[in-house]
Every structure is written in structure tokens, then in C-alpha cells.
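Please open the model in your viewer and keep the sequence panel beside it, since this tour moves from one selection to the next.

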Amino acid sequence: MHRKRCNRMRQPLKESIAQKHGQNRMGLIIRSSAIHAAGCYTTTRITKGKKVAEYTGPRITKDEADTIYEESPVTYLFGLGDGTVVIDGHCMAMFINHSCDPNCETEEENGRVWITAIKNIAPGAEITYDYCLYDGGDEEADCNCGESSCRGTMYSREEVRKRKVETRKARNTLKTQPQSKGVAA
Ligand SMILES: [Zn+2]
């Protein structure tokens with residue numbers, strides 16, 4: 001499953017990681033991005049099918065994450081398997097921005113998450129994958145990827161459908177509630 005529960009930036013952490021890593025062995029660098037704040041770029045050519053980066057960080061339960069980040073508008077959580085365990089991102093891969101027409105995808109392999117190239121990527125290009133967000137509560141997650149195929153949100157198509165159904169249900173509930181007729185005493 002390509003799923004990531006993630007909302008906006010945890011900026012201080014991102015900056016410290018960017019300073020620490022600067023440029024990693026795989027030729028990835030962090031610099032400002034037109035898509036959103038900082039992004040991850042490659043300095044070398046990447047062939048289709050190659051593992052670009054691993055999404056690493058402590059594994060915590062979804063409940064733990066909800067408690068830790070209850071007040072935080074910014075999280076870098078990657079849902080594993082059915083989503084009961086999440087990776088609390090602390091790695092180069094957390095800088096990778098979402099795109100609706102990405103050059104990478106995520107692959108879960110024995111509990112590890114890899115960002116893998118789905119196209120040949122030229123040096124200097126920004127690395128992207130489709131976040132397919134879910135479980136975002138009331139949060140909006142507008143997309144600014146600028147691709148012609150942009151769906152306008154970083155939520156997955158499945159999540160967008162689910163949200164539409166929920167909104168419709170909520171409206172219907174309001175409509176079917178008994179109206180006060182203002183009966184005079
Ligand atoms: Zn988009």
C-alpha cells in the first residue's frame with residue numbers, strides 16, 4: 001500500500017536533518033522547492049526501478065503518534081501495512097515532496113519502506129512520489145505540484161471518495177433533522 005499520513009512541515013526538525021545530511025551518498029540533496037518549502041533533489045542520473053532512499057525513523061503505534069502529535073499541525077508519519085504502526089520519519093526521504101505525476105513510488109518490503117524510481121530521473125530533478133494521504137481528520141491537504149494531472153489534493157483517490165460520502169451523509173443528517181415550526185404557545 002502506498003500510504004502516508006502526513007500533514008505539513010515539522011520545520012525545526014527538517015532543518016536540523018538537512019544540516020546533518022547536506023548531501024548523502026546516493027547523491028540526494030535538500031534545497032528549496034517550488035512545490036513546498038524544502039525538497040529532495042538528485043545530483044546524479046537515477047535509472048527506473050532503482051531504490052532512491054529509505055523512509056527511516058522510529059516505529060510507533062498509530063495511537064502513540066496521535067498522542068504525541070495531537071497538538072502538532074506538522075507530522076512526518078508513514079503508515080505501515082494496515083496503518084496501526086507508523087514510521088516517525090527522521091531521514092532524507094521525509095523531504096521528498098508529493099506530486100500527482102511523480103517520478104517515484106513507495107514500496108513496503110519486510111517492514112521497510114523504500115522510495116523507488118518509476119521513471120528514469122535526470123540529474124537536478126526533484127524527487128517526488130504520490131503521498132496518497134489518508135486519515136487526515138479535518139485537515140486540508142491541497143496540492144501545489146503544478147502537474148497537468150494534478151488532482152488538487154494530496155489525499156488518495158480512495159480517501160477523497162470517502163470524504164465526499166461523509167460530507168454528503170453529514171448534509172443529509174442535517175436536512176432530515178426535524179425543523180422547528182415555531183409553534184406558538
Ligand atoms: Zn498535484
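Begin by selecting Leu-28, and then look across to S3, where Thr-42 is its bridge partner. Bear in mind from this first stop onward that the model is predicted. If you extend the selection to the whole of S2 and S3, you will have two strands that run antiparallel and are joined by 5 bridges. Between these two strands of the hairpin lie 5 residues, and in that turn you can pick out Ala-37, which has a positive phi of about 45 degrees.

Now show the whole protein, where the secondary structure comes to 3 helices and 11 strands. Following the chain along the sequence, you will meet these elements in the pattern β-α-β-β-β-β-α-β-β-β-β-β-β-α. Among contacts between residues at least 6 apart in sequence, 67% join residues at least 24 apart. Of the 185 residues, 28% count as buried.

Which residues have the most contacts inside the largest nonpolar core? Select Cys-40, Ala-93 and Ile-115, which hold that place in a core of 27 residues. To see where this core draws its residues from, colour the strands S2 (28-32), S3 (38-42), S4 (51-55), S6 (75-80), S7 (85-88) and S10 (112-117), which are the elements that give two or more residues to it. Staying with Ala-93 and leaving aside its neighbours within four places in sequence, you will find it in contact with Ala-53, Glu-54, Tyr-55 and Ile-115. A second core, separate from this one, has 7 residues, and you can locate it by selecting Tyr-131, Cys-143, Cys-145 and Met-154, which are among them.

For the last part of the tour, select residues 157-176, which make up helix H3. From its first C-alpha to its last, this helix of 20 residues reaches 29 Å, close to the 28 Å expected at 1.5 Å a residue. Is H3 well covered or hardly covered? The helix is hardly covered, for the count of buried residues among its 20 residues is 0.

Within H3, pick Val-160. This residue counts as partly exposed because it has 15 C-beta neighbours inside 10 Å, whereas a buried residue would need 20 or more. Not counting residues up to four places away in sequence, Val-160 touches Thr-153 and Tyr-155. As a final step, draw a distance from the C-alpha of Val-160 to that of Tyr-134, and you should read 8.7 Å between two residues that are 26 apart in sequence.

Key: Residues are numbered from 1 along each chain as its sequence is written. This is a predicted model: local features need pLDDT of at least 70, side-chain atom pairs count only at pLDDT 80 or more; totals for chains, interfaces and linings use all residues. Helices (H or I, at least four residues) and strands (E, at least two) are DSSP runs, numbered from the N terminus. The expected span of a helix is 1.5 Å times one less than its number of residues. A residue is buried if 20 or more other C-beta atoms lie within 10 Å of its own, exposed if 12 or fewer, and partly exposed in between; C-beta atoms are placed from the backbone. Two residues are in contact if their C-beta atoms, placed from the backbone, lie within 7 Å. A nonpolar core is a set of buried Ala, Val, Leu, Ile, Met, Phe, Trp, Tyr and Cys residues joined through C-beta atoms within 7 Å. Two strands pair if DSSP finds at least two bridges between them.
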